[in-house]
Amino acid sequence: MQFRYAPDIRTAFPQLQSRVLLVDGIDAKADPTIEISRLTAIADERLVSASEGELPEIQAWRRAFSAMGLKPTHYRCASEALLRRYRKEGVLPALHPLVDLCNAASLAFAIPVAAFDTARIDGVMTVRRAHGDETYETFSGEIEHPESGEIVFVDDVSRAHARRWTNRQSGWSAVRQETAQALIVSEALHETASNDVAGLITSLIEALTAIWPCSTITRNEPL
């Protein structure tokens, strides 16, 4: 499974730091409670002294969304949306052990973390500007076409797996009960992003190994 960025994305956002994990051998029966508790405790501590909008990780994504022509308080990056909901409700819904773990890591580090079912991706996943003819399926099954110029995650058959970069993931490739292999992507734009994304990935690998001890994990730095 390859994951890459179009050259113009790298040019427009030179501060971008990202890491990718390919995890093989997961299932929906595992219990992630201990690892999730460890990660949410970190988020709890951070939210005591600052709201999600005051965190440098979130502020960097707000600037990026503004640069994309989006109102950052209307279209929020995934980590901000999760932190906002968690701060208000004190808990996130349980969806799938892997999704729940990735959400907890996103809360702890205030960095977007996406998980995709690789069986639902055709060829290479590329982060690029949309042409406008890509197909995006919502979680309710509706079909949309991203706006031309919008930053999307797209595979080789022009299926968009995320819209507005880190704002909204597609239901088509969402991790589900039968998922056995997943692609995990973490991206950040703030000043200490390189160290923080590396720390997030290390923490995720430790958690994945604890939850699925027989899984195979491959770490990559995208092109």
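Trp165 lies in the loop between β8 and β9, and in this predicted model the residue has a positive phi of about 60 degrees although it is not a glycine. Trp165 is also buried, its relative accessible area being 1%, a value that falls under the 20% taken as the limit for burial. Arg164 is likewise placed in the loop between β8 (159-163) and β9 (168-169), and, although not a glycine, it has a positive phi of about 50 degrees. With a relative accessible area of 11%, Arg164 is buried.

Helix α2 comprises the 17 residues 33-49, for which a rise of 1.5 Å a residue gives an expected span of 24 Å; the expected value is obtained by multiplying 1.5 Å by one less than the number of residues. The end C-alpha atoms of α2 are 25 Å apart in the model, which agrees with that expectation.

The buried residues of α2 are Glu35, Ile36, Leu39, Thr40, Ala43 and Leu47. When the helix is viewed down its axis, these buried residues fall within an arc of 115 degrees, and they therefore line one face of α2. The buried residues of α2 pack against three helices, namely α4 (78-89), α5 (97-109) and α6 (193-211), whereas Ile34, Glu45, Val48 and Ser49, on the other side of α2, are exposed.

Note on methods: Residues are numbered from 1 along each chain as its sequence is written. This is a predicted model: local features need pLDDT of at least 70, side-chain atom pairs count only at pLDDT 80 or more; totals for chains, interfaces and linings use all residues. Side-chain values use heavy atoms; hydrogens and water are left out. Helices (H or I, at least four residues) and strands (E, at least two) are DSSP runs, numbered from the N terminus. Buried means under 20% relative accessible area, exposed over 50%, partly exposed in between (1.4 Å probe, protein chains only). The arc is that of the directions from the helix axis to the C-beta atoms. Contact means heavy atoms within 4.5 Å.
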